[in-house]
Amino acid sequence: MPNNIIFYFTDQQRWDTCGCFGQPLDITPNLDQLAREGVKFDNAFSPQPVCGPCRALFQTGKWPTETGCFRNNIMLPAGVKTLANYIEEAGYETAYIGKWHLASDGELEKPPRIDHTITAIPRQLRGGYTGFWRAADVLEFTSHGYDGFVFDENDRRIDFKGYRADRINDLALEFFDQYDGKKPFFMTISQIEPHHQNDRKHYEGPEGSKERFKDFVLPEDLKALGGNGLEEYPDYLGQCASLDENLGRLVARLKEKGLYESTVIIFASDHGSHFLTRNRDSHLNGYDDYKRSCHDAALHVPLVIAGGPFKGGIAVEELVSTASLPKTILALAGVDVGDAMIGENLLDVVEKKDDNRPNEIFAQISESRVGRCIRTARYTYSVYAPGVDGGTAAAADRYADDFLYDMEKDPYQLNNVVADPAYVQVKEELRERLLDWIQRAEGKRPEITD
């Protein structure tokens, strides 16, 4: 039988919260163990650092500008063949637990016209998932750090008491009580931690987090730039530790059921958090809080894959995009989607199959501006569309320089050298490569000016 697959993804988790990516405190022992058994990707980046667009990409394998889901509050379009469609066709049983964020539609930061944010998501808006379902469209609206509700596949409301990450994980574990083993399963656990709680403007770790993680070491970018990291980081780490404890409970249940050896676990996040340190400049044209930026704080995410062919405690240094996850998941299920999805099969990167592979990633930015960027091993080059609102336009015909960082000299992206004469040649080369990416992804070649 093909491998079972679990996609365990978190919301707004920086890569540097994890021990296997350099976190000095013991926050993620279970993930660190998976990294020792499987493959960790040291340089994994989000293709669109905001919840709805990134989730739309995870479900379709298409750029948000292609599906139209370029910002939050846009539902997944009908008629796009999804990850769930493909994998159910391949004979998999599916389970989806947690946050969906693709079933409501309206203007940005206003009440939706089609509103399933706090009600049951109709079957036709579940992206093709027909199996076990325990979800809310916008989980941060139906719950807080403690207590809340989701809905099951029959639209019944399920109320829960206790810490949210624990309860979402409990709902996932319930799947195994009814799983008969006749088909392989594909399970998505979409946790909302360590996202901030919108209505309380606070990261809600388990009670006692501030004391438990009082010896935190603030990342260097947050130390240099301020923001609200000093105040919020201990709770944020508490959330990340809770996610890891729940990953450990999931692994324990798989072992207890005799399923661990036949299951591939993919751990990732949709994007990171810059803790109010970025997007404070005059180029902001729209809205931001913690993401919506081409800085590593928002783009660089944890990614570990363990099980099946992903084994051996390998550390991959090459830059990869989580845009490749849908294609990789389907490859694990024995489905080759070819050019129907963007990205690459990440196993090919692990096995170094392509000597000419470009070691760079592309990201689209919305809501805070209409932005695009290229991230290479050494540089981050980002552009924005002057005067264009990031909440209303998906793309633009004209962009201008936003920032350029030389991470060899400036690893924490503190010194913008985009106008430095010493970097004219570098910028010209990066600009052409960025234009190539935009053309491939969006079908047109805009103008970029200084």
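Start by selecting strand 5, residues 146-152: 5 of its 7 residues are buried, so to speak a mostly covered strand. Keep in mind as you click around that this is a predicted model.

**Neighbours of strand 5**

Now add strand 4, residues 132-136, to the selection. Strand 4 and strand 5 run antiparallel and are joined by 2 bridges. For a pair to zoom in on, pick Ala135 and Phe151 in strand 5, which stand opposite each other.

Next, show strand 6, residues 157-163. This strand also runs antiparallel to strand 5, with 5 bridges between the two. Here, Phe149 has Asp159 of strand 6 standing opposite. Strands of a sheet pair through backbone hydrogen bonds, either parallel or antiparallel. Follow the chain around the hairpin of strand 5 and strand 6, where 4 residues lie between the strands, and stop at Asp155, which takes a positive phi near 70°.

While you are here, display the side chains of Asp159 and Arg157. They meet in a salt bridge, at 2.9 Å from N to O. Is Arg157 buried or exposed? Arg157 has 48% relative accessibility, so this residue counts as partly exposed; the exposed class begins over 50%.

**On to helix 6**

Move along to helix 6, residues 164-178. Its 15 residues should span 21 Å at 1.5 Å a residue, and the end C-alpha atoms are 23 Å apart, which agrees. Colour the buried residues of this helix: Arg164, Ala165, Ile168, Asn169, Leu171, Ala172, Leu173, Phe175 and Phe176. An α-helix has 3.6 residues a turn, so residues three or four places apart point the same way.

**The open sheet**

Select strands 12 to 16 now. These 5 strands form an open sheet with mixed pairing, in the order 12-13-14-15-16. Its edges are strand 12 (360-365) and strand 16 (447-449), each of which pairs on one side only. From one strand to the next, the twist averages 25°.

Look at the strand 12 end of the sheet: strand 12 pairs with strand 13, residues 371-376, in the antiparallel sense over 6 bridges. Glu360 has Thr376 in strand 13 as its bridge partner. Then bring in helix 13, residues 424-442, which packs on the sheet and touches strand 12, strand 13, strand 14 (379-384), strand 15 (398-406) and strand 16. The direction of helix 13 makes about 120° with that of strand 13.

**Salt bridges around the sheet**

Two charged pairs make good next stops. Show Arg292 and Glu367, a salt bridge whose closest N and O atoms are 2.6 Å apart. Arg292 sits in the loop between strand 8 (263-269) and helix 10 (296-299), and Glu367 in the loop between strand 12 and strand 13, so the pair ties together parts 75 residues apart in sequence. Arg292 is buried, with a relative accessible area of 3%, and Glu367 is buried at 0% relative accessibility.

The other pair is Arg378 and Glu408, a salt bridge with its closest N and O atoms 3.5 Å apart. Arg378 is in the loop between strand 13 and strand 14, and Glu408 in the loop between strand 15 and helix 13; the pair therefore ties together parts 30 residues apart in sequence. Arg378 is partly exposed at a relative accessible area of 28%, while Glu408 is exposed at 59%.

For a last stop, select Asp11, Arg55, Lys99, Glu140 and Asp270, which are linked in a network of salt bridges. The structure holds 49 salt bridges.

How values were computed:
Residues are numbered from 1 along each chain as its sequence is written. This is a predicted model: local features need pLDDT of at least 70, side-chain atom pairs count only at pLDDT 80 or more; totals for chains, interfaces and linings use all residues. Side-chain values use heavy atoms; hydrogens and water are left out. Buried means under 20% relative accessible area, exposed over 50%, partly exposed in between (1.4 Å probe, protein chains only). Two strands pair if DSSP finds at least two bridges between them. Axes are lines fitted to C-alpha atoms, for helices over the stretch in contact, and angles run from 0 to 180 degrees between N-to-C directions. Contact means heavy atoms within 4.5 Å. The expected span of a helix is 1.5 Å times one less than its number of residues. A salt bridge is a side-chain nitrogen of Lys or Arg within 4 Å of a carboxyl oxygen of Asp or Glu.
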